Amino acid sequence: MTIHYLKLENTPVSKQLEIEKNLLQNETRSFVIINKNPPPAIVMGSSQIPEEIIQLEKAKKCDIPIIRRFSAGGCVILNQDTIMVSFILNKADVGIDLFPSSIMQWTNTFYQKALLIPSFSLKDNDYTIENKKVGGNAQYIKKDRFLHHTSFLWNYDKALMDILHHPPKEPKYRKGRHHFDFLTTLKPYLTKDEFINQIKNQFKHDFTLTSLEEKIFY
């Protein structure tokens, strides 16, 4: 089974989402997309209300764009130390039922094998290390095909993170913790390139991986 690999760098998340939506809806091939160092942005889930999750005046002062993605899930804030990883896969490729919980279990197992971080685990649909969130994700299921995209915190900017309100709904394991007590980063464990290469190597182990040129999407 062939997985097509697209490496992006410094690509605005708005452009990444446009590419993903096109590949999900108009392609039959499977893809993994990794976007290293995206410009700062706030990305909201499809049904979220901006005033409930974002301090809009702070966002305006920081001149940071607010983007609503086409998938559900929570709000994330990106900076150039975020690494975006998206899987667009066919059911036949992974051999699972396309329910959100089944997809999450498959992706969690994949990342555990790829990253080799002993305390990496899935908690309430977040990727965590030692009970702190390191990756937020969202999904979109289309017949026999799904999109699973994740923003991994290699590091984060505290000033930007402080633009977000405490969310009106939170996972149980958060237990009311402030952002900076709830979040962690990949930086102590892996360089950015090591992180990317280990994901690529896991795909090479499980599938056939072939690289695509970014320019064909522009």
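Begin this tour of a predicted model by selecting Arg29, a partly exposed residue with a relative accessible area of 32%. Add Glu27 to the selection: this residue is also partly exposed, at a relative accessible area of 23%, and it forms a salt bridge with Arg29 in which the closest N and O atoms are 2.8 Å apart. Side chains of opposite charge can pair when their charged atoms come close. The structure holds eight salt bridges, and two others are worth a stop.

Select Asp162 and Lys58 next, whose closest N and O atoms are 3.3 Å apart in another salt bridge. Asp162 lies in the loop between α6 (158–161) and α7 (179–182), while Lys58 belongs to helix α3 (residues 56–61), so the pair ties together parts that are 104 residues apart in sequence. Asp162 counts as partly exposed at 28% relative accessibility, and Lys58 counts as partly exposed at 33%.

Now move to Glu170 and Arg174, a salt bridge whose closest N and O atoms are 4.0 Å apart. Here Glu170 is partly exposed, with a relative accessible area of 33%, whereas Arg174 is buried, with a relative accessible area of 4%.

For the cysteines, select Cys62 and Cys75 together. The structure holds zero disulfides, and for Cys62 the nearest cysteine sulfur, that of Cys75, is 14 Å away. Seen from the other side, the closest cysteine sulfur to that of Cys75 is the one in Cys62, and the distance of 14 Å is too far for a bond. Cys62 counts as partly exposed at 40% relative accessibility, while Cys75 is buried, with a relative accessible area of 17%.

Turn next to the interior, and select Val85, Tyr111 and Phe195, which are the residues with the most contacts inside the largest nonpolar core, a set of 35 residues. Several elements each supply at least two residues of this core, including β1 (2–9), β6 (82–90), β10 (145–153) and α8 (192–206). The element that gives the most to this core is α5, with seven residues. In soluble globular proteins, nonpolar side chains tend to be buried together.

Keep Tyr111 selected and show its surroundings: leaving aside residues up to four places away in sequence, Tyr111 touches Val85, Phe87, Leu116, Phe120, Tyr127, Thr150, Phe152 and Ile199. Apart from the largest core lies another one, of 19 residues, and Leu8, Val13, Phe31 and Val43 are among them.

The last stop is a sheet, best followed with the strands drawn as ribbons. Three strands form this open sheet in the order β4-β3-β5, and the pairing is mixed. Its edge strands are β4 (66–68) and β5 (76–78), each of which pairs on one side only, and the twist averages 25° from one strand to the next. Select strand β3 (residues 41–44) and then β4: these two run parallel and are joined by three bridges. To find one of the residue pairs, select Met44, whose bridge partner in β4 is Arg68. Finally, add helix α1 (residues 13–26), which packs on the sheet and touches β3, β4 and β5, with a direction that makes about 10° with that of β4.

Notes: Residues are numbered from 1 along each chain as its sequence is written. This is a predicted model: local features need pLDDT of at least 70, side-chain atom pairs count only at pLDDT 80 or more; totals for chains, interfaces and linings use all residues. Side-chain values use heavy atoms; hydrogens and water are left out. A salt bridge is a side-chain nitrogen of Lys or Arg within 4 Å of a carboxyl oxygen of Asp or Glu. Buried means under 20% relative accessible area, exposed over 50%, partly exposed in between (1.4 Å probe, protein chains only). Helices (H or I, at least four residues) and strands (E, at least two) are DSSP runs, numbered from the N terminus. A disulfide is a pair of cysteine sulfur atoms within 2.5 Å. A nonpolar core is a set of buried Ala, Val, Leu, Ile, Met, Phe, Trp, Tyr and Cys residues joined through side-chain atoms within 4.5 Å. Contact means heavy atoms within 4.5 Å. Two strands pair if DSSP finds at least two bridges between them. Axes are lines fitted to C-alpha atoms, for helices over the stretch in contact, and angles run from 0 to 180 degrees between N-to-C directions.
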